[in-house]
Amino acid sequence: MTGTQPRIELYVRSLLPDGAHNRQEAVIDRLERLDAEDEIEDFSVIVWGKQIARDSAGARTEEGEYILNRVAEFKQWALSNNVSLESFYQKHDVTNDATDEPYSAIVLPVMGLAEYEGEELRHVAPCTEGDEVHTIMDRLDRLERGEPAAVEQSNDVSILSD
């Protein structure tokens, strides 16, 4: 560890089949153990949906703005650290059933982990570096061993545009 214990935010999709729900429960159990053993400062669990459209009424709510801001922060972190989140935060076109007009939505992963040191985002999982996928379980394993994230941190600041 770097001397400062990380704060973890775990994002989970609601209303999932049992298999996915069981994986979410396993991750939460591990976070509770890490918190009890003072390996992390604390953690929170944030429930999000399957997708969010930037121009939707839901995106203009406090919760929608929060999710869009976090996704933008995650993407900026990925850009700054030369990793990809594209296979986990995909965009796709959807047709509005009421108006038949297409719109673009961001599909949110079943689970996502954000690790902060103070206010600074230090790691996002899952992410892909080259051909290697860094999963949530990989990061929890490293936290349990007191190791830093597998992704080397960059101090470069980049501006993300969509």
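User: Which residues of α2 count as buried?

Analyst: G64, I67, L68, R70, V71, F74, K75, W77, A78 and S80 do, buried being under 20% relative accessible area, exposed over 50% and partly exposed in between (1.4 Å probe, protein chains only). Mind that this is a predicted model, where local features need pLDDT of at least 70 and side-chain atom pairs pLDDT 80 or more, while totals for chains, interfaces and linings use all residues. Numbering starts from 1 along each chain as its sequence is written, and side-chain values use heavy atoms, without hydrogens or water.

User: And D55, why is that one called exposed?

Analyst: D55 has a relative accessible area of 72%, which is over the 50% cut-off, so it is exposed. You'll find D55 in the loop between β3 (51–53) and α2. Its C-alpha is 29 Å from that of H21, 34 residues away along the chain.

User: What makes the span of α2 agree with a helix of its length?

Analyst: Helix α2 covers residues 62–80, 19 in total; helices here are DSSP runs of H or I with at least four residues, strands are E runs of at least two, and both are numbered from the N terminus. The expected span is 1.5 Å times one less than the residue count, so α2 should reach 27 Å, and its end C-alpha atoms are indeed 27 Å apart. Just past α2, N82 has a positive phi of about 55 degrees.

User: How do you know that β1 and β2 pair?

Analyst: Pairing takes at least two DSSP bridges; β1 (residues 7–13) and β2 have seven and run parallel, so they pair. Y11, for instance, sits opposite I46 of β2. On that sheet packs α2, touching β1, β2, β6 (111–117) and β7 (contact: heavy atoms within 4.5 Å).

User: What is the order of the strands in the open sheet, and why are β2 and β7 at its edges?

Analyst: The order of its four strands is β2-β1-β6-β7, with mixed pairing. β2 (42–48) and β7 (120–125) each have a single partner strand, so one side of each lacks a neighbour in the sheet.

User: Which residues have the most contacts inside the largest nonpolar core?

Analyst: F74, W77 and Y89, in a core of 23 residues. Such a core is a set of buried Ala, Val, Leu, Ile, Met, Phe, Trp, Tyr and Cys residues joined through side-chain atoms within 4.5 Å. The largest share of this core, six residues, comes from α2. Leaving out residues up to four places away in sequence, W77 touches residues including V83, L121, V124 and V151.

Technical notes. Axes are lines fitted to C-alpha atoms, for helices over the stretch in contact, and angles run from 0 to 180 degrees between N-to-C directions.
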